[in-house]
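User: Please examine one part of this model closely and then relate that part to the rest of the chain. I would prefer a single, connected account that names the residues concerned.

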Amino acid sequence: SPDVIWQTIFPPHGENWQLVHPPEKQPYIFWLVRLSCYCELKGRSADYQNEIHRLIWSGQVDHWPNYVKEYFNRIDGLDYDEAIKFIQENPGEVDAVWQENSVIQSQTGHGGVPLMLYNDEPFFGQDRVFQFIGRLMQNGLTKRKEPRAPFTTQPKTWPAGW
């Protein structure tokens, strides 16, 4: 809480269902996407997803926006204030990452999230993550002997064969 995208899920009678408010009234999504693009430029996209998605969706904190800076700064080698400064000074470079990802997503024919693409094969939705990992395993992915920090415990479930 709050939702990443400001929308009205239960609008008053007679209005559009699931009305998404216009971009100029979106307080979070553009901020989060640009931080993600910055991390992609720095080669830390997966680390960003691990920290910020866990923050948003885990329910461990009240009002997750208050904690973005703290969780962002957990990413080894990155600093939130430097990221914001870079984004403000280089909006074209950051938004080019966003546009490139949008083109790739469009080419997959899917808009679901999460969306993974491997060898032109899309895997969309949380129920496809194990399928995606399975395909990576078929192509040589191996399991680490020890989890990489901050993941010091095994997940509740592993894909078949692990």
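Analyst:

**The hairpin and its setting**

Strands S3 and S4 form a hairpin with two residues between them, and in the turn Asn119 has a positive phi of about 50°. The model is a predicted one. S3 covers residues 115-118 and S4 covers residues 121-124; the two strands run antiparallel and are joined by four bridges. One residue pair can be named: Leu117 has Pro122 of S4 as its bridge partner. In general, the side chains of a regular strand alternate between the two faces of the sheet.

The turn residue deserves a separate remark. Asn119 is not a glycine, yet its phi is positive. Asn119 is found in the loop between S3 and S4. With a relative accessible area of 60%, Asn119 lies above the 50% cut-off and therefore counts as exposed.

A second non-glycine residue offers a parallel case: His63 has a positive phi of about 55°. The loop that holds His63 lies between H2 and H3. At a relative accessible area of 36%, His63 is partly exposed. A positive phi also occurs after helix H1, where Gly43 follows with a value near 75°.

As for the setting of the hairpin, the protein chain contains six helices and four strands. Along the sequence, their order is β-β-α-α-α-α-α-β-β-α. Of the 162 residues in the protein chain, 25% are buried. Among contacts between residues at least 6 apart in sequence, 44% join residues at least 24 apart.

Within the helical part, H1 can be described in some detail. H1 has 13 residues, and the distance from its first C-alpha to its last is 18 Å, close to the 18 Å expected at 1.5 Å a residue. Its buried residues are Leu32, Leu35, Ser36, Cys37, Tyr38 and Cys39. The cover over these buried residues includes helix H2 (45-57), helix H3 (68-72), helix H4 (80-89) and H5.

The packing of H1 with H5 can be followed to the level of residues. Two packed helices are described by the angle between their axes and the distance between the axes. For H1 (residues 29-41) and H5 (residues 91-108), the angle is about 95° and the axes are 9 Å apart. The two helices are therefore roughly perpendicular to each other. On the H1 side, the contact is made by Phe30, Val33, Arg34, Cys37, Glu40 and Leu41. On the H5 side, Glu93, Val94, Asp95, Val97, Trp98 and Asn101 take part. By type, the residues of this contact divide into seven nonpolar, one polar and four charged. Cys37 belongs both to the buried residues of H1 and to the contact with H5.

Helix H2, which is part of the cover over H1, contains Asn50. The relative accessibility of Asn50 is 30%, so this residue counts as partly exposed. From C-alpha to C-alpha, Asn50 and Ile75 are 9.3 Å apart in space, although 25 residues apart in sequence.

To return to the hairpin: S3 and S4 are antiparallel strands held by four bridges, and the turn between them carries Asn119 with its positive phi.

Methods
Residues are numbered from 1 along each chain as its sequence is written. This is a predicted model: local features need pLDDT of at least 70, side-chain atom pairs count only at pLDDT 80 or more; totals for chains, interfaces and linings use all residues. Side-chain values use heavy atoms; hydrogens and water are left out. Axes are lines fitted to C-alpha atoms, for helices over the stretch in contact, and angles run from 0 to 180 degrees between N-to-C directions. Angles under 35 degrees count as roughly parallel, over 145 as roughly antiparallel, 65 to 115 as roughly perpendicular and the rest as oblique. Contact means heavy atoms within 4.5 Å. Ala, Val, Leu, Ile, Met, Phe, Trp, Tyr, Cys and Pro count as nonpolar, Asp, Glu, Lys and Arg as charged, and the others, Gly among them, as polar. The expected span of a helix is 1.5 Å times one less than its number of residues. Buried means under 20% relative accessible area, exposed over 50%, partly exposed in between (1.4 Å probe, protein chains only). Two strands pair if DSSP finds at least two bridges between them.
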